[in-house]
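Got a few minutes and a viewer open? Here are some worked exercises on helix packing, sheet topology and a ligand shell.

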Amino acid sequence: MRFDSLEYVALRVLRRFFFTEKRLAAWGSRLPYYCVNQGVTDPTAIAAAYADDLGRLGVPVPGKRIIEIGCGSANGAGYALAAMGAASVVCHEPYALHDVGLDAKHLEAMVIRHPGVKFSVVRRVAALTDEPDASADIIVSNSVLEHVTDTTALFAELARLLAPGGVMLHRVDYRDHFFKYPFHFLLYSKRVWNWFLNPGDLPRWRYDDHAATLARADFDVSVLDFTRDEDGFDAIADRLHPDFQDRDPDILNIVQATLVCLRRPGGALPLLDHPTGGTGPPGPPRLVELAHDFRHVRRHPH
Ligand SMILES: C[S@@+](CC[C@H](N)C(=O)[O-])C[C@H]1O[C@@H](n2cnc3c(N)ncnc32)[C@H](O)[C@@H]1O
């Protein structure tokens with residue numbers, strides 16, 4: 001076994017069996033390569049990225065009913081969206097405990113900067129089942145879809161919640177979250193991954209898995225941005241587990257993507273209307289084009 005694989009397996013086993021969520025919360029910031037969730041450190045940046053992406057699609061935040069999926073331990077991005085003029089924001093988080101202190105810190109920062117805003121439009125829920133049908137104009141998530149085990153169930157629920165003509169935007173991190181080795185999790189069988197290495201919430205979805213499941217849930221799927229790590233992928237390409245060997249390397253090497261999903265039939269929101277003028281971006285490529293020739297999609301400049 002090569003040294004990198006040895007190091008990877010040793011650290012992944014340690015992460016799985018020793019670093020419980022409680023220990024990670026206490027020591028995580030001191031561990032090399034450990035990333036604290038952005039929702040903890042800078043939720044305003046998450047909301048700004050959502051607004052920027054939605055703006056590129058011609059969908060303004062003000063007046064919209066928004067649901068954020070998997071917001072994490074606090075509602076920070078929700079408060080920031082409220083400050084941008086959202087009519088309401090539901091912050092959905094089924095697993096992470098509500099960190100009341102952190103939440104208060106994020107809220108206080110927003111109240112000081114936006115004293116006239118009614119932050120009571122932000123509501124936290126652990127389950128979506130009580131939310132009415134078609135009650136969201138916009139659904140967003142940041143670094144969540146890569147952690148969702150049952151995507152079929154989640155997407156069916158989101159299809160119920162998204163109003164016809166609404167838009168979903170999912171910012172997805174397709175890297176192995178042991179960030180030093182962004183693709184090493186593709187070297188192991190499902191059984192080895194799930195029994196010994198999976199930290200518990202990384203089903204190893206690739207972009208095309210999500211796109212196919214979203215399409216089955218009746219969404220029109222396209223990609224607004226994506227980035228690849230070709231060098232990182234090349235470093236492990238000859239060692240892929242057979243489960244991944246037949247898959248398109250130009251899909252497997254995608255490390256980040258922003259998925260845009262429209263609920264059929266579309267049209268209620270001005271998706272390609274650009275109220276600020278200018279030419280605006282070209283329409284995002286459709287799923288079918290992506291599946292056939294992903295490499296022709298424009299690369300995001302970041
Ligand atoms: C990496 S954290 C991201 C948190 C936050 N969005 C951020 O950017 O900081 C992933 C989040 O997804 C949530 N999650 C996992 N499975 C989920 C599901 N089926 N539905 C909704 N959220 C889920 C987790 O509880 C966790 O809070």
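## Exercise 1: a helix pair

In this predicted model, Gly76, Tyr79, Ala80 and Ala83 of α5 meet His106, Leu107 and Met110 of α6. Work out the make-up of this contact and the geometry of the pair.

**Solution.**
- Step 1: sort the contact residues by class. You get 5 nonpolar, 2 polar and no charged.
- Step 2: get the geometry. Helix α5 (residues 76–83) packs against helix α6 (residues 100–113) at an angle of about 15°, and their axes are 9 Å apart.
- Step 3: classify the angle. Angles under 35 degrees count as roughly parallel, so α5 is roughly parallel to α6.
- Step 4: add the handedness. The α5/α6 crossing is right-handed.

## Exercise 2: the sheet

In what order do the 7 strands of the open sheet run, and which are the edge strands?

**Solution.**
- Step 1: walk across the sheet. The order is β3-β2-β1-β4-β5-β7-β6, with mixed pairing.
- Step 2: find the edges. β3 (122–125) and β6 (219–228) each pair on one side only, so they are the edge strands.
- Step 3: check the twist. On average, neighbouring strands are turned by 15° against each other, direction ignored.
- Step 4: zoom in on one edge. β6 pairs with strand β7 (residues 254–263) in the antiparallel sense over 9 bridges. Pick threonine 227, and its bridge partner in β7 is glutamine 256.
- Step 5: see what packs on the sheet. Helix α5 touches β1 (65–69), β2 (88–92) and β3, and its direction makes about 170° with that of β2. Helix α9 (residues 207–216) lies across β5 (162–173), β6 and β7, running at about 165° to β6.

## Exercise 3: another helix pair

How do the axes of α7 and α9 cross, and which residues make the contact?

**Solution.**
- Step 1: take the axes. Those of helix α7 (residues 151–161) and α9 come within 9 Å and cross at roughly 45°.
- Step 2: classify. That crossing angle makes α7 oblique to α9.
- Step 3: handedness again. The α7/α9 crossing is right-handed.
- Step 4: list the players. Thr151, Thr152 and Phe155 come from α7, while His210, Thr213 and Leu214 come from α9.
- Step 5: tally them. The α7/α9 contact has 2 nonpolar, 4 polar and no charged residues.

## Exercise 4: the ligand shell

Which of the 18 residues around the ligand come nearest?

**Solution.**
- Step 1: pick them out. Asn37, Gly39, Gly70, Gly72 and Tyr95 come nearest.
- Step 2: classify the shell. It holds 9 nonpolar, 8 polar and 1 charged residues.

How values were computed: Residues are numbered from 1 along each chain as its sequence is written. This is a predicted model: local features need pLDDT of at least 70, side-chain atom pairs count only at pLDDT 80 or more; totals for chains, interfaces and linings use all residues. Axes are lines fitted to C-alpha atoms, for helices over the stretch in contact, and angles run from 0 to 180 degrees between N-to-C directions. Helices (H or I, at least four residues) and strands (E, at least two) are DSSP runs, numbered from the N terminus. Angles under 35 degrees count as roughly parallel, over 145 as roughly antiparallel, 65 to 115 as roughly perpendicular and the rest as oblique. A crossing is left-handed if the near helix is turned anticlockwise from the far one by less than a right angle, and right-handed if clockwise. Two residues are in contact if their C-beta atoms, placed from the backbone, lie within 7 Å. Ala, Val, Leu, Ile, Met, Phe, Trp, Tyr, Cys and Pro count as nonpolar, Asp, Glu, Lys and Arg as charged, and the others, Gly among them, as polar. A residue is near a molecule or strand if its C-beta atom, placed from the backbone, lies within 6 Å of it. Two strands pair if DSSP finds at least two bridges between them.
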